[in-house]
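Dear colleague,

I am passing on the structure we spoke about, and it follows directly below. Please have it open while you read the notes underneath.

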Amino acid sequence: MVFPPKSTVKSKAKMDLTSAALDQVPTFDGAGWADKARAAARDRVAAMGLPVGRDEYWKYTDPTVFTDTDPRFDGAVAASDVFAGADALTVTIVDGAVTGDLPQIDGLDIQSLADAATADIHWAQDTFGVLEAAGQTNVERPLAAMTTALAQDGLMIQVTADIPQPLRIVYATAGGQANVHHVVKLAPGAGLTILEEGLAGARAATNMEVAVADGARFDHLRVVPVVAQRDLNTHIFARLEADATFRSFTLTPGGAMTRNEAVIDILGDNATAHIAGACLGDGDFHHDDTVFVTHDAVDCESRQVFKKVLRNGAKGIFQGKILVRPDAQKTDGYQISQSLLLDDDSQFLAKPELEIYADDVACSHGSTSGAIDEDALFYLRSRGVPHATAVDLLTLSFMAEAIEEIADPDLADIVLAHLEQTLSARQ
Amino acid sequence: MLNIKDLHVSLEEEDKEILKGLSLELEAGKVHAIMGPNGSGKSTLSYVLSGKDGYEVTGGSAQLDGQDLLDMDPEERAAAGLFLAFQYPVEIPGVGNMTFLRTAVNAQRKLRGEDEMSAGDFLKAVREKAKSLKIDADMLKRPVNVGFSGGEKKRNEILQMAMLGPKMCILDETDSGLDVDAMKLVAEGVNALRSPDRTFLVITHYQRLLDHIKPDVVHIMADGKIIKSGGPELALEVENNGYADILGEVA
Ligand SMILES: Nc1ncnc2c1ncn2[C@@H]1O[C@H](COP(=O)(O)OP(=O)(O)O)[C@@H](O)[C@H]1O
Ligand SMILES: [Mg+2]
């Protein structure tokens, strides 16, 4: 089987942009394991080149705001408290640096990358930058390699038991650029829920590499704060072994520019991966969900559910792919991306893709873009619900399928309440 | 209560007149029925009164207790006491029936400048009213009308009516698609709400609903107008002879 070869010819503009950017990046001559991984990531960036608008993978989203030397926004963003009531273990990351004491409980070993990097050898070294590098196989993701090279801090999390309490990561920033890199390694049968909220920087880049061993569980819930002037690019690289489950949900209720990439490799039989997102865009808002799920084992299930509600010229993008390798029989793959456009100025562009090399699979995908249902709107208003509230109810109605992807009902309630509050605050 | 004078309504999209000078006077505490052949404009009348888009009022007026309905937003008409039980209730996935009801009740109260209903009072009221309409807890939790049978949808309309307590209730073919038992439940629900300061306009095809909800006045509507009004016996006449005789007699 031949996958399309990567283009090796890079434009001069791309190479100039890249070398200028790499001039700002240290050369990492340290002998430690982390610096070696960073040096390799730096080399990947040099080889791939930074993204430019002409790249196929950046057809709908202009990468300039991420590659410009200086961030365009510089406002502070306070720590958010959406999950404050969730009885979680909390870690705070301020301007990209882990602060305060880290929780240590049985079965959960957490270190900061800054500390871990000083060791000669470390358990994270077979994962740190490794899943990211593997995630470059089918499509180049130079921003992720750049984040691996630049991030000086983040959490190295090793899980050896099923931890009932969620781990909550709260970001805050005084402004400027922040790069954060997390590694989560789950031993066979282990389990962890991570809650992420806040913003690491006015321009923030985060990588999260997640290795989910046999029968392990990983749940991820992310709520981005309502801050208009910020740019965010995130990457999740997940590797699933047999019987593993992975679930990730992101709520983005605002923000100028977001690119969330997720690369999920299902390598073990009977594993499940769900990735979902809901966003509310108003005005200067561009939100891009780019997902690549690879099925490379038998009897696995994957779901991608993305909902975008857009108004006042907001723009939503979805690029989602399911790749089913020849041996991945009995694959059950589902992908849906939908937008609700509240006016004619807003726009949704979707590129759903299925690439299937196995013959006994059930994969479906769909993408729709629609206006508010006038009959439903009238029905609600005829019961006395004011126009704006009725639109909000229909917004919640539209997003329900994505929110249902949150496995824990209490956490789902928190997200829903937060969404309702955000909606009523913006009327 | 509701005064409709010489109402002329056309479709906004095409130049087609649907209501062609319709007048009705509904007194407080009375039940009026409208019967008429398919396409005579009965649903259009109910939609125009409750404020649906897509219709253009080219003449006439409609007043609810002296207030001009036609200038108001649909939600204002609801808060003023108008309720339409839909011929085809709309499904709203992802919004729980209970959430919907509470939002509607409190929105109306707010529009009228009243306090919100406490969660406890609301629950108690819903449970009691749902019980008499044989609506179980599961139906209350499910998304609005999603997966409901025809009869469940219509019972749900009556539950909303009971919770909102409007003074002017319009029922558009609430009996269509109901079996006899479901129709009885719906009729009981309506009868329980009858009061000296509440008026009903019951739109129906069939006499059988009117066996259970006894009308004071029956109107026959054809081609966008009321062509004949009378007592309950008019409904029986339609049941026995169809509309042909009446239409012929007027023509
Ligand atoms: N939105 C619409 N678009 C096109 N035609 C309509 C619309 N609403 C009503 N009509 C037409 O108006 C007439 C009356 O319809 P309706 O009010 O539904 O009658 P009834 O409820 O008495 O059966 C019919 O000829 C119907 O086709
Ligand atoms: Mg009708």
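The notes below take the metal site, then a pair of helices, and then the strands.

Please bear in mind throughout that this is a predicted model.

To begin with the metal, the magnesium ion (ligand 2) has as its protein donors Ser43(B), through OG, and Gln87(B), through OE1, which lie 2.1 to 2.5 Å from the ion. These two residues bring together distant parts of the chain, since Ser43(B) belongs to helix H1 (residues 42–50) of chain B, while Gln87(B) sits in the loop between strand S6 (82–85) and strand S7 (92–96) of chain B, 44 residues apart. Gln87(B) has a relative accessibility of 13% and therefore counts as buried, the limit being under 20%.

Also in chain B, helix H3 (residues 97–111) packs against helix H4 (residues 119–132) at an angle of about 120°, the axes being 11 Å apart, and the crossing of H3(B) past H4(B) is right-handed. On the H3(B) side the contact is made by Met98(B), Leu101(B), Arg102(B) and Val105(B), which meet Phe122(B), Leu123(B) and Val126(B) of H4(B). Sorted by type, the residues of this contact are six nonpolar and one charged, with no polar residue.

Turning to chain A, strand S9 (residues 217–223) is largely enclosed by the rest of the structure, because six of its seven residues are buried. S9(A) runs parallel to strand S7 (residues 191–198) of chain A, to which seven bridges join it, and Glu197(A) stands opposite Val223(A) of S9(A). Seven bridges also join S9(A) to strand S11 (residues 245–252) of chain A, again in parallel, with His220(A) standing opposite Ser248(A) in S11(A).

Chain A also holds an open sheet of nine strands with mixed pairing, in the order S3-S4-S6-S8-S10-S12-S14-S16-S18. At its edges stand strand S3 (108–112) and strand S18 (347–356) of chain A, each of which has a single partner strand, so that one side of each is left without a neighbour in the sheet. On average, and with direction ignored, neighbouring strands of this sheet are turned by 5° against each other. Within chain A, strand S14 (residues 286–295) and strand S16 (residues 315–324) run parallel and are joined by ten bridges, and His286(A) has Lys315(A) in S16(A) as its bridge partner. Helix H6 (residues 142–150) of chain A packs on the sheet, where it touches strand S6 (177–186), strand S8 (203–212) and strand S10 (231–240) of chain A, and the direction of H6 makes about 90° with that of S8(A).

With best wishes

Key: Residues numbered from 1 in each chain as written. Chains lettered and ligands numbered in written order. Predicted model: local features only at pLDDT ≥ 70, side-chain atom pairs only at ≥ 80, totals over all residues. Heavy atoms only, no water. Donors = N, O, S within 2.8 Å, 3.2 Å for Na, K, Ca; no water. Helix = DSSP H or I, 4+ residues; strand = E, 2+ residues; numbered from the N terminus. Buried < 20%, exposed > 50% of the residue type's maximum accessible area, 1.4 Å probe, protein only. Axes fitted to C-alpha atoms, helices over the stretch in contact; angles between N-to-C directions. Left-handed = near helix turned anticlockwise from the far one by under 90°. Contact = heavy atoms within 4.5 Å. Nonpolar A, V, L, I, M, F, W, Y, C, P; charged D, E, K, R; others polar. Pairing = 2+ DSSP bridges.
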